[in-house]
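Q: Hi! Could you walk me through some of the side chains and helices in this one? I'm new to reading structures.

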Amino acid sequence: MMSSEKIREVGEGSSSSGGAINIIATPLNNHHRQSSSSLSTLAPTPASSAPQLSRYESQKRRDWNTFGQYLKNQRPPVSLPQCNYNHVLDFLRYLDQFGKTKVHLHGCLFFGQPEPPGPCTCPLRQAWGSLDALIGRLRAAYEENGGLQETNPFASGAIRVYLREVRDSQAKARGIPYKKKKKKKRPNLQIKASNNNDGATSANFQLQSTT
């Protein structure tokens with residue numbers, strides 16, 4: 001019988017962490033040991049020899065494991081093939097309890113003030129930017145783990161609507177208007193041909209910014 005595990009959840013709500021929850025599994029018993037030497041070749045590669053993941057890939061793996069643990073904790077448990085956008089929405093609302101962004105309510109005196117002069121009892125929430133980045137990582141992880149793009153619940157229109165509502169409501173509550181980043185202009189590469197005295201043709205490259 002496999003060893004039982006104790007699960008502890010730690011909430012992280014900063015924008016840098018993307019509102020992730022680290023699932024830490026602490027083994028309580030270790031009754032299962034492999035005695036056959038023939039199975040030694042199936043042992044996992046030590047972490048020291050494994051290629052080091054980038055910060056983005058590491059966070060994406062933690063987010064994916066966190067979401068999978070969230071589905072297992074449901075009653076009854078939900079498998080990944082059964083997951084739909086409603087489960088994703090519930091997951092995002094669940095993460096709010098670990099948020100660190102103050103979102104003022106309509107009845108608060110500091111509603112709409114970017115720099116409130118004092119404390120208030122308004123709730124802490126996950127910042128919109130954290131949720132948006134989280135969904136981007138989970139959308140990629142879903143397809144990397146065998147999910148189909150056509151059935152990706154993280155790419156559902158309902159998720160985009162929810163994120164837009166969170167963005168607009170937080171912007172009003174905090175008095176910080178959302179500004180869409182402008183795309184950088186890409187220069188156009190123009191080639192002008194000119195004839196040299198020896199009859200050869202040379203090309204002059206000019207960079208011009210698009211209007």
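A: Happy to! Let's start with Lys-60: its relative accessibility is 3%, so Lys-60 counts as buried, since the cut-off for buried is under 20%. Keep in mind that this is a predicted model.

Q: Okay, and which residue does the Lys-60 side chain meet in a salt bridge?
A: Glu-57. The closest approach, N to O, is 3.2 Å.

Q: How far apart are Lys-60 and Glu-57 in helix α1?
A: They are three residues apart, so about one helical turn separates them.

Q: Is Glu-57 buried or partly exposed?
A: Glu-57 is partly exposed, because its relative accessible area is 30%.

Q: Why would two side chains like that pair up at all?
A: Side chains of opposite charge can pair when their charged atoms come close.

Q: Cool. What does Arg-137 form a salt bridge with?
A: Its partner is Asp-63, with the closest N and O atoms 2.5 Å apart. This pair links distant parts of the chain: Arg-137 sits in helix α3 and Asp-63 in helix α1, 74 residues apart.

Q: And are Arg-137 and Asp-63 buried or exposed?
A: Both Arg-137 and Asp-63 are buried.

Q: Switching to the helices: how do people describe two packed ones?
A: By the angle between their axes and the distance between the axes.

Q: So what are the values for α1 and α3?
A: Helix α1 covers residues 55–72 and helix α3 covers residues 128–144. Their axes come within 9 Å and cross at roughly 80°. Angles of 65 to 115 degrees count as roughly perpendicular, so that is how α1 and α3 lie to each other.

Q: Which residues make the contact?
A: From α1, they are Tyr-56, Gln-59, Lys-60, Asp-63, Trp-64 and Phe-67. From α3, they include Leu-134, Gly-136, Arg-137, Leu-138 and Glu-144.

Q: How many of the contact residues are nonpolar, polar and charged?
A: The contact of α1 with α3 has eight nonpolar, two polar and four charged residues.

Q: Back to salt bridges: how many are there by this count?
A: The count comes to five salt bridges. One of them joins Asp-168 and Arg-167, with the closest N and O atoms 3.2 Å apart.

Q: Where do those two stand on accessibility, buried or partly exposed?
A: Asp-168 has 34% relative accessibility, so it counts as partly exposed. Arg-167 is at 21%, so it counts as partly exposed too.

Q: Last one: which residues are joined into one network by salt bridges that share partners?
A: Glu-57, Lys-60 and Glu-144.

Note on methods:
Residues numbered from 1 in each chain as written. Predicted model: local features only at pLDDT ≥ 70, side-chain atom pairs only at ≥ 80, totals over all residues. Heavy atoms only, no water. Axes fitted to C-alpha atoms, helices over the stretch in contact; angles between N-to-C directions. Helix = DSSP H or I, 4+ residues; strand = E, 2+ residues; numbered from the N terminus. Parallel < 35°, antiparallel > 145°, perpendicular 65-115°, else oblique. Contact = heavy atoms within 4.5 Å. Nonpolar A, V, L, I, M, F, W, Y, C, P; charged D, E, K, R; others polar. Salt bridge = Lys/Arg side-chain N within 4 Å of Asp/Glu carboxyl O. Buried < 20%, exposed > 50% of the residue type's maximum accessible area, 1.4 Å probe, protein only.
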